[in-house]
Amino acid sequence: MWRGLFTAATGMITEARRTDVIANNLANAATTGYKKDIAVHQEFETVMLKRMYDHDDTGAGVQANGILDTDSVDVTKFKGFKVDQQDAPPIGELGLGDYIAEIAVDHSQGAFESTGNTFDLAIAGNGFFTVQTPQGIRYTRSGAFFRNQNGVLQDIRGYNVLDRAGNPITIPANIPDTRITVSPDGSIYTNGENQPVAQIQVVQFDNRLAVQKQGNNLFAAVNNAQPQQATGEVMQGMLERSNVEIVREMVELIHNHRLYEANSKAVTTQDTMLDNSVNQLGRLG
């Protein structure tokens with residue numbers, strides 16, 4: 001019964017954590033470039049159950065020929081089952097609950113929203129914009145940029161957008177926005193000139209585990225992962241919306257709530273059985 005309590009409790013903890021993940025996704029459903037999280041659960045190692053009572057317990061310890069039956073005095077033998085017995089009939093596996101093994105990020109493409117703003121950029125396909133933060137270089141799918149009073153291209157938090165050389169991008173302040181174009185490879189042109197004033201650094205990683213969320217819609221490279229030139233294309237005047245599907249997340253939230261309730265009832269049932277065993281069966285004994 002104690003095992004049943006623990007198994008049901010792990011289910012409650014798992015569903016509570018999954019609910020937190022879904023709630024965070026719903027809270028960021030309108031966040032530009034947000035990538036939803038998925039709680040991946042994994043079972044604890046199962047235990048094989050075997051029957052202990054398939055035996056003939058008619059022996060009296062001494063065989064008909066007067067020879068002592070050593071099995072009958074074997075301290076490792078109980079009800080016909082021995083510790084080293086390998087052929088006891090199996091009856092199935094016993095689960096011991098589950099846990100959240102990973103909070104994975106879904107990097108699937110979000111829908112595009114046309115804004116018409118010069119410095120609103122989106123990436124069609126694989127890739128991240130590169131920005132400089134106080135904690136170092138970070139990556140984002142949010143392309144809601146602007147040009148500050150000094151002509152430096154920044155994101156909404158004031159982090160500088162970097163070019164391919166890793167330097168902040170500066171666009172002369174005297175050039176109006178209507179004279180600025182961004183090509184699919186991230187090159188920034190002004191006044192219709194053939195030479196770009198800068199090229200936005202857009203990178204990608206081969207392994208999805210190479211980047212981890214750091215908050216504020218930013219990703220950080222981990223395990224010394226090296227970025228590569230992105231294959232995605234930059235789209236000017238567009239923003240990538242969150243890839244969160246509100247209806248699906250709400251359905252998952254309801255489903256998780258029901259699973260949590262089922263595990264909660266299992267805990268209550270196990271607690272009642274323990275109470276009866278201690279207070280009623282013990283009194284009868």
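In which sense do strand β15 and β16 pair, and over how many bridges? In this predicted model, β15, which spans residues 187-190, pairs with β16 in the antiparallel sense, and two bridges join them. Within this pairing, Ser187 stands opposite Gln199 of β16. Both strands belong to an open sheet of three strands, ordered β14-β15-β16 and paired antiparallel. The edges of the sheet are formed by β14 (180-182) and β16 (198-199); each has a single partner strand, so one side of each is left without a neighbour in the sheet. In general, the strands of a sheet pair through backbone hydrogen bonds, in either a parallel or an antiparallel manner.

Salt bridges were examined next. A search of the whole structure yields nine of them. One of these joins Lys213 to Asp37, with 3.0 Å between the closest N and O atoms. Because Lys213 lies in strand β18 (residues 211-215) and Asp37 in strand β1 (residues 37-43), the pair ties together parts that are 176 residues apart in sequence. Lys213 counts as partly exposed, at 28% relative accessibility, whereas Asp37, at 13%, counts as buried.

A salt bridge is also formed between the side chains of Glu240 and Arg141, with an N to O distance of 3.0 Å. Glu240 is located in strand β22 (residues 238-240) and Arg141 in the loop between β10 (136-140) and β11 (146-147), so this contact ties together parts that are 99 residues apart in sequence. Glu240 and Arg141 are both buried. Together with Lys35, these two residues are linked in a network of salt bridges.

For the salt bridge between Arg147 and Asp177, the closest N and O atoms are 2.6 Å apart. Arg147 belongs to strand β11 and Asp177 to the loop between β13 (160-161) and β14, so the parts tied together by this pair are 30 residues apart in sequence. The relative accessible area of Arg147 is 18%, and this residue is therefore buried under the 20% cut-off. Asp177, with a relative accessible area of 35%, is partly exposed.

Attention then turned to nonpolar packing. In soluble globular proteins, nonpolar side chains tend to be buried together. The largest nonpolar core comprises 21 residues, of which Phe129, Leu153, Ile169, Ile188 and Ile200 touch the most other members. Two or more residues of this core are contributed by each of β8 (121-124), β9 (128-133) and β14. A second core, separate from this one, consists of eight residues, among them Val105, Tyr139, Ala210 and Phe219.

Open and enclosed spaces were also analysed. The largest pocket has a volume of about 260 Å³. Its lining consists of 15 residues, and those closest to the pocket centre are His107, Asn126, Gly127, Phe128 and Phe205. By class, the lining of this pocket contains eight polar, four charged and three nonpolar residues.

The structure holds one cavity of 30 Å³ or more. The largest cavity encloses about 60 Å³ of space. Residues Thr140, Ser142, Ala144, Asp155, Ile156, Arg157, Asn216, Asn217 and Leu218 line this cavity. Its lining divides into four polar, three nonpolar and two charged residues.

Definitions and conventions:
Residues are numbered from 1 along each chain as its sequence is written. This is a predicted model: local features need pLDDT of at least 70, side-chain atom pairs count only at pLDDT 80 or more; totals for chains, interfaces and linings use all residues. Side-chain values use heavy atoms; hydrogens and water are left out. Two strands pair if DSSP finds at least two bridges between them. Helices (H or I, at least four residues) and strands (E, at least two) are DSSP runs, numbered from the N terminus. On a 1 Å grid over the protein atoms alone, a cavity is a set of points where a 1.4 Å probe fits but cannot get out, and a pocket is an open set with protein on both sides within 12 Å along at least five of seven lines; lining residues have an atom within 4 Å of a point. Grid points are joined across faces, edges and corners, and a volume is the space filled by probe spheres set on the points. Ala, Val, Leu, Ile, Met, Phe, Trp, Tyr, Cys and Pro count as nonpolar, Asp, Glu, Lys and Arg as charged, and the others, Gly among them, as polar. A salt bridge is a side-chain nitrogen of Lys or Arg within 4 Å of a carboxyl oxygen of Asp or Glu. Buried means under 20% relative accessible area, exposed over 50%, partly exposed in between (1.4 Å probe, protein chains only). A nonpolar core is a set of buried Ala, Val, Leu, Ile, Met, Phe, Trp, Tyr and Cys residues joined through side-chain atoms within 4.5 Å.
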